[in-house]
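This report describes a single protein chain, with attention to its empty spaces, an enclosed helix, an acidic residue and charged pairs. The sequence and the structure come first, and the description follows.

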Amino acid sequence: MRNNNIVPELAHVLRDLQGLEMLLHVGLKRNSAKGKIDLLAGCNGGDIYKYASPVEALLKDRWPTGNFFVCDDSVRFDLPTGTGGVAICNSTLLVRQIEEWIEGKNLGGQHRPWATGYWLPEALCGDLATAEILHDAKNIGVRIRELVVPYPQSLSRSIVDLCVDEIKQKLQTLKRLIEKNSPIELGFCISDLTASMIRLAFARSSRYFRGFRSLDEQVKLLRSSDMPIYELALELSKRKRVRNLIGKIEKLL
């Protein structure tokens, strides 16, 4: 349990960060001894660009032999007792962003260097819904939990509408590409379709989709009525008999 033992010490060190308003312990494998440590620091009036150096300085002061570097929106660390990162965000903007997602705004996936497939807004919401609050000076963590627990039905409806629209359009594209015999474009289209179908299945079940890792575990959360969508996505990902799957997918929308 080496990783879990270091979390309280990390929290103690990071509480000295000027401007820290919230610190959460997040991640699908938060309680795993072998999992990486993922922390989310909500700060006042700034994000990674303002707070990366102070966070890195605090960590280096406590662990002089550790390895530290900035990746995307987080300060990553590799210590003798554990590895992981501290993602840094502007607390006020985070709350506003969550409120916008719940209203159905800006729900598109994003490519990130560290994310398999896409980074998805509902994945972050899932992290926040299950997070352990380590520090919450202004009750921002409590406010966020009120927003994301239980899974908002407005968010479910918006993601369903978004995914159904994408799937319908990509199916038409897929039909054309099969006729054109354009393998690279066809492969990208199938990947997009697969991702959107999996996302759709979770949104219909009102279960937070946490990203494209650990799918075998996540899929257990789906309602039985939504499993056929996931199963078709799995078949589609194998890229065999693609033409035969198109009609089956259309019937489930």
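On a 1 Å grid over the protein atoms alone, a pocket is an open set of points with protein on both sides within 12 Å along at least five of seven lines, whereas a cavity is a set of points where a 1.4 Å probe fits but cannot get out; lining residues have an atom within 4 Å of a point. Grid points are joined across faces, edges and corners, and a volume is the space filled by probe spheres set on the points.

The model is predicted: local features need pLDDT of at least 70 and side-chain atom pairs count only at pLDDT 80 or more, while totals for chains, interfaces and linings use all residues. Residues are numbered from 1 along each chain as its sequence is written, and side-chain values use heavy atoms, with hydrogens and water left out.

**Overall architecture**

The chain contains 10 helices and six strands. Helices (H or I, at least four residues) and strands (E, at least two) are DSSP runs, numbered from the N terminus. Along the principal axes, the C-alpha atoms fill a box of roughly 60 × 35 × 30 Å. Of the 253 residues, 50% are buried; buried means under 20% relative accessible area, exposed over 50%, and partly exposed in between (1.4 Å probe, protein chains only). Among contacts (heavy atoms within 4.5 Å) between residues at least 6 apart in sequence, 64% join residues at least 24 apart.

**Pocket and cavity**

The largest pocket holds about 1600 Å³ of space. Its lining comprises 50 residues, of which Asp-38, Arg-76, Trp-114, Trp-119 and Asp-127 are the closest to the centre. At least two lining residues each come from strand E2 (37-43), helix H2 (48-62), strand E3 (67-71), strand E4 (74-79), strand E5 (82-90), helix H3 (91-102) and helix H4 (121-129). E5 gives the largest share, seven residues.

A search of the whole structure yields one cavity of 30 Å³ or more. The largest cavity has about 40 Å³ of space, and its lining consists of Ile-167, Met-197, Leu-200, Ile-229, Ile-249, Leu-252 and Leu-253. Helix H7 (183-204) and helix H10 (242-252) are the elements that give two or more residues to this lining.

**The enclosed helix H4**

Helix H4, which contributes to the pocket lining, is largely enclosed by the rest of the structure, because nine of its nine residues are buried. Asp-127 is one of these buried residues and is also among the residues closest to the pocket centre. The cover over the buried residues of H4 includes strand E1 (20-26), E2, H3, H5, helix H6 (153-180) and H7.

**Asp-136 and Ala-137**

Asp-136 belongs to strand E6 (residues 132-136). Which side chain of opposite charge is nearest to Asp-136? It is that of Arg-145, 8.3 Å away, and the buried Asp-136 has no salt bridge. Lys and Arg count as positive and Asp and Glu as negative; His and the chain ends are not counted. A polar atom of the Asp-136 side chain lies 2.9 Å from the backbone nitrogen of Ile-140. Neighbours within four places in sequence aside, Asp-136 is in contact with Glu-21, Met-22, Gly-141 and Val-142.

Ala-137 is located in the loop between E6 and helix H5 (140-148). Ala-137 is exposed, with a relative accessible area of 53%. The C-alpha atoms of Ala-137 and Leu-20 are separated by 8.1 Å, although the two residues are 117 apart along the chain.

**Salt bridges**

The structure holds 17 salt bridges, each defined as a side-chain nitrogen of Lys or Arg within 4 Å of a carboxyl oxygen of Asp or Glu. Three pairs are tabulated below.

| Acidic residue | Basic residue | N to O distance |
|---|---|---|
| Glu-9 | Arg-62 | 2.2 Å |
| Asp-72 | Arg-112 | 3.5 Å |
| Glu-235 | Lys-238 | 3.1 Å |

The salt bridge between Glu-9 and Arg-62 ties together parts that are 53 residues apart in sequence, because Glu-9 lies in helix H1 (residues 2-14) and Arg-62 in helix H2. Glu-9 is partly exposed at 28% relative accessibility, and Arg-62 is partly exposed at 37%.

The salt bridge between Asp-72 and Arg-112 joins the loop between E3 and E4 to the loop between H3 and H4, so parts that are 40 residues apart in sequence are tied together. Asp-72 is partly exposed, at 35% relative accessibility.

In the salt bridge between Lys-238 and Glu-235, Lys-238 is partly exposed at 48% relative accessibility, and Glu-235 is partly exposed at 30%. Elsewhere, Glu-166, Lys-170 and Asp-192 are joined into one network by salt bridges that share partners.

Methods. A polar contact is a pair of N or O atoms within 3.5 Å; within protein, one must be able to donate a hydrogen and the other to accept it, and residues adjacent in sequence count only if both atoms are side-chain atoms.
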